[in-house]
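Here's a quick briefing to read with the model open beside you. It starts at one annotated site, moves to a neighbouring helix, and then zooms out to the whole chain.

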Amino acid sequence: MKKILFAASECVPFIKTGGLADVCGALPKEFDKNEWDVRVVIPNYSCIPDKFRSKFEYVAHFYMSAGSYITNKYVGILKYVMDGITYYFIDNQEYFNCAVPYGDVRYDIEKFCFFDKAVLSMLKQIDFCPDIIHCHDWQTGLIPVYLKNEFQADSFYWGMKSIMTIHNLKFQGVWDIKTMQGLTGFSASLFTPDKLEFKKDANMLKGGLVYADYITTVSDSYAQEIQTEYYGEGLNGLLSARHFDMQGIVNGIDYQVYDPAADTKIYTNYKPSDFRKKKYMNKVKLQAELGLAVDKKKYMIGLISRLTDQKGLDLVNYAIDRIVDDYTQLVVIGTGDPQYENMFRHYAWKYGDRVSANICYSDELAHKLYAAADAFLMPSRFEPCGLTQLISFRYGTVPIVRETGGLRDTVKPFNEYENTGDGFSFANYNGDEMLSVINYSKHIFFDRKKQWNQMIDRGMANDYSWNNSKGKYEGLYNYLLGC
């Protein structure tokens, strides 16, 4: 039995702020349980819903010190088994009693330094010796560092491998070296430019990228992009140096959760064979629910996103008056920077029958929009993988994307002469280029309905289930284990 431990800061269904949680929740369930023993560890946040927390079992507890700032702290270990997967929760009220998983950066860095050492320290207590620890993003970046340094004094940890997966390189866990030494107990020799030092500070993600046995990212294009200065966030040199130990594996989506034929959150179920007759019913119902003009012939564009600079919303701001013409509606769901929240509120006020701004995150409303929209807009500045376009395909909704990262890898641009492709894309980060592609998509929607529907056929036939990506992870794990 090959043993894998996923370590992460979030995991569905317990806690979610982004795509990282979807990966850690969905991927472990895909492996054949006769061959793989895959377990997951996350912090025991007080904001995990009580319907789960009330069922967590106490396993053990101990006291642990890291650096001089983290001394003799309580570490509780709780566990919960669901869908055949064992989940562990690191318990410490001082660090994980919170309304949301992340807040103040300095404090987040301290709690994840604590978490990273606790994860390794817990293994002997639960009598689980993983062959590989699969670490996700900066919050787990110190696990490979501890593993290859302090923990090598104990033969229990010899031969244990680690993988570092980058979900978004923008976030790295950077703080000053003196504080970091106090939090971790690492010797000064680890804070050098070839290890954790980064622009005179210390960088948790960089530590993970230096010490992990292998690095993955969430798409092929993103793995290439982050080796360049434009996308590399200051770590492109290190990532270029490690490019032989790095690959991109596109995320999947849960095909049971996102299934228009069985989804209980949408108004009318449909499948590839009957979307032409039924999909529009979702549109007119959503138009009525959101107070938009009810008309099945309108072109509805959806946008579900964190409302941040990364997502290309300045391009939307530049072009929106020309996007929402008499025949077009825009429905937005998301929260984020106040400037973008207010921008969408403004346009919803200005164009009440055409623009709906839902400044919230509602899973139910999101499902309804995937089913109702004709197209989905993702004009991202950068996008490591992106899940929205994969869900759109599943619901017969055509993605309009910028060619970057995972968007470039998953959306094949429509070619009207060969009648190929499953979406629309534009190359340069430019509002006029985005607008011209949106206008072209309208032309196909209104004037070439047959080709539009054939594009939906191709999109719905795509397979971006986890089953696809799982095979690549299995290959990587076997490679590291020498199988």
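**The annotated lysine and its surroundings**

Lys16 sits in the loop that runs between strand S1 (2-7) and helix H1 (19-26). Keep in mind that this is a predicted model. UniProt, in an unreviewed entry, puts a "binding site" feature at Lys16.

*Around Lys16*

- How covered is Lys16? Its relative accessible area is 42%, so Lys16 counts as partly exposed, a class that runs between the under 20% of buried residues and the over 50% of exposed ones.
- If you skip the neighbours within four places in sequence, Lys16 is in contact with Glu10, Ala21 and Asp22.
- Two of those partners, Ala21 and Asp22, also turn up among the buried residues of H1.

*Helix H1*

- H1 is mostly covered, with seven of its eight residues buried.
- Those buried residues are Leu20, Ala21, Asp22, Val23, Cys24, Gly25 and Ala26.
- What do they pack against? The list has four strands and a helix: S1, strand S2 (36-43), strand S5 (85-91), strand S6 (132-136) and helix H18 (466-480).

*The annotated domain*

- The UniProt record lists residues 3-240 as "domain: Starch synthase catalytic", again from an unreviewed entry.
- That span is 30% helix and 26% strand, and its end C-alpha atoms lie 30 Å apart.

*The whole protein*

- Overall, you're looking at 18 helices and 18 strands.
- The radius of gyration is 23 Å, close to the 23 Å that the globule rule gives for 483 residues, so the protein is as compact as a globular protein of that length.
- Taken along the principal axes, the C-alpha atoms fill a box of roughly 70 × 45 × 45 Å.
- Buried residues account for 59% of the 483 residues.
- Take the contacts between residues at least 6 apart in sequence: 73% of them join residues at least 24 apart.

*Surface and charge*

- The accessible surface comes to about 18800 Å², and carbon and sulfur atoms make up 50% of it.
- On the charge side, there are 54 positive and 59 negative side chains.
- The centres of those two sets lie 3 Å apart.

How values were computed. Residues numbered from 1 in each chain as written. Predicted model: local features only at pLDDT ≥ 70, side-chain atom pairs only at ≥ 80, totals over all residues. Heavy atoms only, no water. Helix = DSSP H or I, 4+ residues; strand = E, 2+ residues; numbered from the N terminus. Rg over C-alpha atoms; globule rule 2.2 N^0.38 Å. Buried < 20%, exposed > 50% of the residue type's maximum accessible area, 1.4 Å probe, protein only. Contact = heavy atoms within 4.5 Å. Areas by Shrake-Rupley, 256 points an atom, 1.4 Å probe, with all protein chains shown as cover. Lys, Arg positive; Asp, Glu negative; His and termini not counted. Charge placed at Lys NZ, Arg CZ, Asp CG, Glu CD. UniProt positions renumbered as here; feature names shortened; annotations may be inferred.
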